Amino acid sequence: MSVTVAKKIVSLQCGFFWEKADRSRGMPTIKWDIIQRPKNQGGLGVSNLVLKNMAFLFKWWWSLNLIGLESCGGGGVWTDIMQIGGKNKELLGVFREGLQLIVGNGNRTISMEVSTLTVGAGGGAGAVELPAKAYLNQQGQGVGVLDSSGFSKLWKGPTPPRVKLLCWFVMHEILNTRERLLSCGVVPQPECMLCGKLPESVHHLFFGCEHAWKVWSFVLKEFNVMWGWPGESLKCFESWFGRNVRNNYKERWVRYFFAVIWSLWKGRNKMIFNEELFSVKSAINEVVVCVNYWSRPLAPLG
Ligand SMILES: [Zn+2]
């Protein structure tokens, strides 16, 4: 794939996330860099196609033994392969640093010039050592380490993908709540749609609001447990999923979390877009319907 094609596909991927129905540019709520991370590190697993393409070009460049050759006729992908080493001096440095030669017992090693190779992956001078869970940004720099425990659990189970995606936004605290909309000048007041008392942040709407708490209380009563929320949405998710519940109830416990988040968001949006009143009773009914529906046995294929 040529670099131009790779960039065009990335542009289409961005458009899928941020463009409105009429193809005009929407308001990005989360950095593209976060979306590109693996799912267990808080992203959506949309890999960086430009970097991946570059890696494949480098593989061709290496396989064809093009070191030192930087120009060639032919155009298209062939030119990209030829130029990848010459154009990307920094990447070439990383490549050389990470190069390793496995000799084994030497029986199958025809010849080698050890003096020209850095033996041992990442062991050369200037090599950057990253923790096992580190991830790279678009420039190839290590930018941090995430606790992946919560995120890795998010995508498992039979909950519909759109509900999981909503929870992913909640965990990142990046929904268009009224607090955020106020900062963008979209609404004049930040007060919570449910209680009308405090600013509608993500954490308040789903965990801190008194009405949300009534819905959670219904679930807690079902399981006969006491509960208190930590101060961040990601921590709330992790504490719920880390709770020890009996094996028979584990899946149901997890589904209730998704169902409450889904129900609160739907109830809040109905107030805004359908001018319906929010009712704790309706929200609880929605939670029960969702959990039962997601728990139904799937029909056999065919
Ligand atoms: Zn509230």
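Two residues are in contact here if their C-beta atoms, placed from the backbone, lie within 7 Å. In this predicted model, that rule can be applied to Thr 159. Leaving aside its neighbours within four places in sequence, Thr 159 is in contact with Lys 164, Arg 255, Phe 258 and Trp 294. One of these partners, Arg 255, is 96 residues away from Thr 159 in sequence, yet the two C-alpha atoms are 7.1 Å apart in space. Thr 159 sits in the loop between H6 and H7. A residue counts as buried if 20 or more other C-beta atoms lie within 10 Å of its own; Thr 159 has 21 and is therefore buried.

**The chain as a whole**

The protein chain contains 13 helices and two strands. It has 302 residues, of which 22% count as buried. Among contacts between residues at least 6 apart in sequence, 51% join residues at least 24 apart.

**The nonpolar core**

The largest nonpolar core has 34 residues, and Ala 212, Val 260 and Ile 261 touch the most other members. Helices that each supply at least two residues of this core include H6 (149–154), H7 (161–172), H9 (202–208) and H11 (233–241). H10, H12 (247–273) and H13 also each supply at least two. The most comes from H12, which gives seven residues. For Ala 212, the contacts beyond four places in sequence are Leu 194, Leu 205, Phe 206, Phe 207 and Leu 264.

**Two helix pairs**

Helix H13 (residues 280–294) is crossed by helix H10 (residues 210–223), their axes coming within 10 Å at an angle of roughly 45 degrees. H10 and H13 are therefore oblique to each other. The crossing of H10 past H13 is right-handed. On the H10 side the contact is made by His 211, Lys 214, Val 215 and Phe 218, and on the H13 side by Val 280, Ala 283, Ile 284 and Val 287. These residues divide into six nonpolar, one polar and one charged.

H12 also packs against H13: their axes come within 8 Å and cross at roughly 135 degrees. That angle makes H12 oblique to H13. H12, too, passes H13 in a right-handed crossing. From H12, the residues that meet H13 are Arg 252, Arg 255, Tyr 256, Ala 259, Val 260, Trp 262, Ser 263, Leu 264, Lys 266 and Gly 267. Their counterparts in H13 are Ser 282, Ala 283, Glu 286, Val 287, Cys 290, Val 291 and Trp 294. This contact divides into ten nonpolar, three polar and four charged residues.

**Two residues with positive phi**

Most residues other than glycine have a negative phi. Two exceptions in loops are listed below.

| Residue | Phi | Loop | C-beta neighbours inside 10 Å |
|---|---|---|---|
| Asn 224 | about 55 degrees | between H10 and H11 | 6 |
| Glu 275 | about 55 degrees | between H12 and H13 | 7 |

Are these residues buried or exposed, given 6 C-beta neighbours for Asn 224 and 7 for Glu 275? The cut-off for exposed is 12 or fewer. Asn 224 therefore counts as exposed with its 6 neighbours, and Glu 275 likewise counts as exposed with its 7. Thr 159, also a loop residue, is by contrast buried.

Conventions:
Residues are numbered from 1 along each chain as its sequence is written. This is a predicted model: local features need pLDDT of at least 70, side-chain atom pairs count only at pLDDT 80 or more; totals for chains, interfaces and linings use all residues. Axes are lines fitted to C-alpha atoms, for helices over the stretch in contact, and angles run from 0 to 180 degrees between N-to-C directions. Helices (H or I, at least four residues) and strands (E, at least two) are DSSP runs, numbered from the N terminus. Angles under 35 degrees count as roughly parallel, over 145 as roughly antiparallel, 65 to 115 as roughly perpendicular and the rest as oblique. A crossing is left-handed if the near helix is turned anticlockwise from the far one by less than a right angle, and right-handed if clockwise. Ala, Val, Leu, Ile, Met, Phe, Trp, Tyr, Cys and Pro count as nonpolar, Asp, Glu, Lys and Arg as charged, and the others, Gly among them, as polar. A nonpolar core is a set of buried Ala, Val, Leu, Ile, Met, Phe, Trp, Tyr and Cys residues joined through C-beta atoms within 7 Å.
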